[in-house]
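Subject: Structure handover

Hello,

Here is the structure we talked about passing on. Please load it first, then read the notes underneath.

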Amino acid sequence: MMVPRSPPLRMPGARLGLVPFTVPGWPSNAGYREALERIADRQPASFEFALPSDRWSFRTNEAIARALAGSDADLGAVLQVAARYRPNVAVVYEGSAGTQGRAALLARLAGAVDHIMLEWEPETQTCWADEAARHGIGLVTIAEADGLSAAKAGDIGRTAPPGAIVYLKCADTTAGTAVGTGVVRAASERLKACREDLFVMAGFGIREPDQVRALAAIDTLDAVAVGTALLDRFTQGVDAVAAFYGALSDAAEGTA
């Protein structure tokens, strides 16, 4: 069994890794690639991107659903970009998994992505983790930041593979109202107390530089993902994307 590698999502000199969520091919293939290049100039460590899908989960808000529906990228084009910017986290939706089946999809992702995150809650979660590991791909563990007890953190610590990514949901849905910094701090501290090698990142509801700046002060948090707030800028043009991501990056690095 191949062992997935943990992605270096925290750039040298940065207090916090900043992970942009994108939908390849939205609003166009050319626009997406150009924006990605501009983003990579600031913190080119890794990306979180959605695989093409005709069906998504209850966690996805209208803006992301619209982008997924309007994307003109196919899986082959997505993987070409992913292979260039490795390591990456690929968000797998029910539609993208159902078209090819779990084994076939993971075989195609091997060599292009390092981790996947399932945007629904399958009964066969263990099967996904085992199959992914056989292809050298890790499965991101999702946990609610609000209410992550010491017992739940301990369960994650006992079952997660070495260097696993634990994704703390800070809101009920994408673009929802995020919980406070104190909640994220407590949850990440519990996880790191159980396993220092866990890579702890937060997402859902992160949209302002001030939020990123506050989260950057948490020593036990490794990265944050910014999704809908960034995705909305893609329709405004490359300059808008670069400017917004630049402001977030400055906040993550403690330079603004």
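The notes below go through what was found, topic by topic. Please keep in mind that this is a predicted model.

**Lys169 and its surroundings**

Start with Lys169. This residue lies in strand β7, which covers residues 165–169. Is Lys169 buried or exposed? Its relative accessibility is 4%, under the 20% limit, so Lys169 counts as buried.

Which residues does Lys169 touch, once neighbours within four places in sequence are set aside? The contacts are Arg59, Ile142, Ala143, Glu144, Ala145, Gly203 and Phe204. For a sense of distance, take Leu16. Lys169 and Leu16 are 153 residues apart in sequence. Their C-alpha atoms are 17 Å apart in space.

**Salt bridges**

The whole structure has 8 salt bridges. Three of them are described here, beginning with Lys169 again.

- Lys169 and Glu144. Their side chains form a salt bridge at 3.2 Å, N to O. Lys169 is in strand β7 and Glu144 is in strand β6 (residues 141–144), so this pair ties together parts 25 residues apart in sequence. The two ends are set differently: Lys169 is buried at 4% relative accessible area, whereas Glu144 is partly exposed at 39%.
- Asp155 and Arg158. The closest N and O atoms of this salt bridge are 2.3 Å apart. Both residues belong to helix α7 (residues 150–159); they are 3 residues apart, so about one helical turn separates them. Asp155 is partly exposed, with a relative accessible area of 41%. Arg158 has 62% relative accessibility and counts as exposed.
- Arg213 and Asp210. Here the closest N and O atoms are 2.5 Å apart. Both residues lie in helix α9, 3 residues apart, which is about one turn of the helix. Arg213 is partly exposed at 27% relative accessibility. Asp210 is exposed, with a relative accessible area of 56%.

The geometry behind the helical pairs is simple. An α-helix has 3.6 residues a turn, so residues three or four places apart point the same way.

**Rings and charges**

How many aromatic pairs are there? The count comes to 3. One of them is Tyr167 with Phe204, and this pair is edge-to-face. The ring centres are 6.0 Å apart, with 80 degrees between the planes. Why does this pair tie together parts that are 37 residues apart in sequence? Tyr167 lies in strand β7, while Phe204 lies in the loop between β8 (199–203) and α9 (209–216), so the pair ties those two parts together. Tyr167 and Phe204 are both buried. Phe204 is also among the contacts of Lys169.

Two arginines sit over rings. The charged end of Arg102 is over the ring of Trp128, 5.9 Å from its centre. Arg233 lies over the face of Phe244, at 3.8 Å from the ring centre.

**Helix α2**

Which residues of helix α2 (residues 62–70) are buried? They are Ala63, Ile64, Ala65, Ala67 and Leu68. The cover over these buried residues includes β1 (17–22), β2 (48–50) and α10 (228–234).

**The second largest pocket**

This pocket holds about 200 Å³ of space. It is lined by 19 residues, and the closest to its centre are Ile64, Thr174, Phe204, Gly227 and Thr228. Two of these names have come up before: Ile64 is one of the buried residues of helix α2, and Phe204 is the ring partner of Tyr167. Which elements give two or more residues to the lining of this second largest pocket? They are β9 (223–226) and α10. Helix α10 also helps to cover the buried residues of α2.

**Cavities**

There are 2 cavities of 30 Å³ or more in the structure. The largest cavity has a volume of about 50 Å³. Its lining is made up of Pro24, Tyr32, Leu36, Phe47, Phe49, Val78, Val81, Ala82, Tyr85 and Asn88. The elements that give two or more residues to this lining are α1 (29–40) and α3 (75–84). Helix α3 gives the largest share, 3 residues.

Best wishes

Note on methods: Residues numbered from 1 in each chain as written. Predicted model: local features only at pLDDT ≥ 70, side-chain atom pairs only at ≥ 80, totals over all residues. Heavy atoms only, no water. Helix = DSSP H or I, 4+ residues; strand = E, 2+ residues; numbered from the N terminus. Buried < 20%, exposed > 50% of the residue type's maximum accessible area, 1.4 Å probe, protein only. Contact = heavy atoms within 4.5 Å. Phe/Tyr/Trp six-rings, centres within 6.5 Å; stacked < 30°, edge-to-face > 60°. Lys NZ or Arg CZ within 6 Å of the ring centre and 35° of its normal. Salt bridge = Lys/Arg side-chain N within 4 Å of Asp/Glu carboxyl O. 1 Å grid on protein atoms, 1.4 Å probe; cavity = no way out; pocket = protein on both sides within 12 Å on 5 of 7 lines; lining within 4 Å. Points joined across faces, edges and corners; volume = space filled by probe spheres on them.
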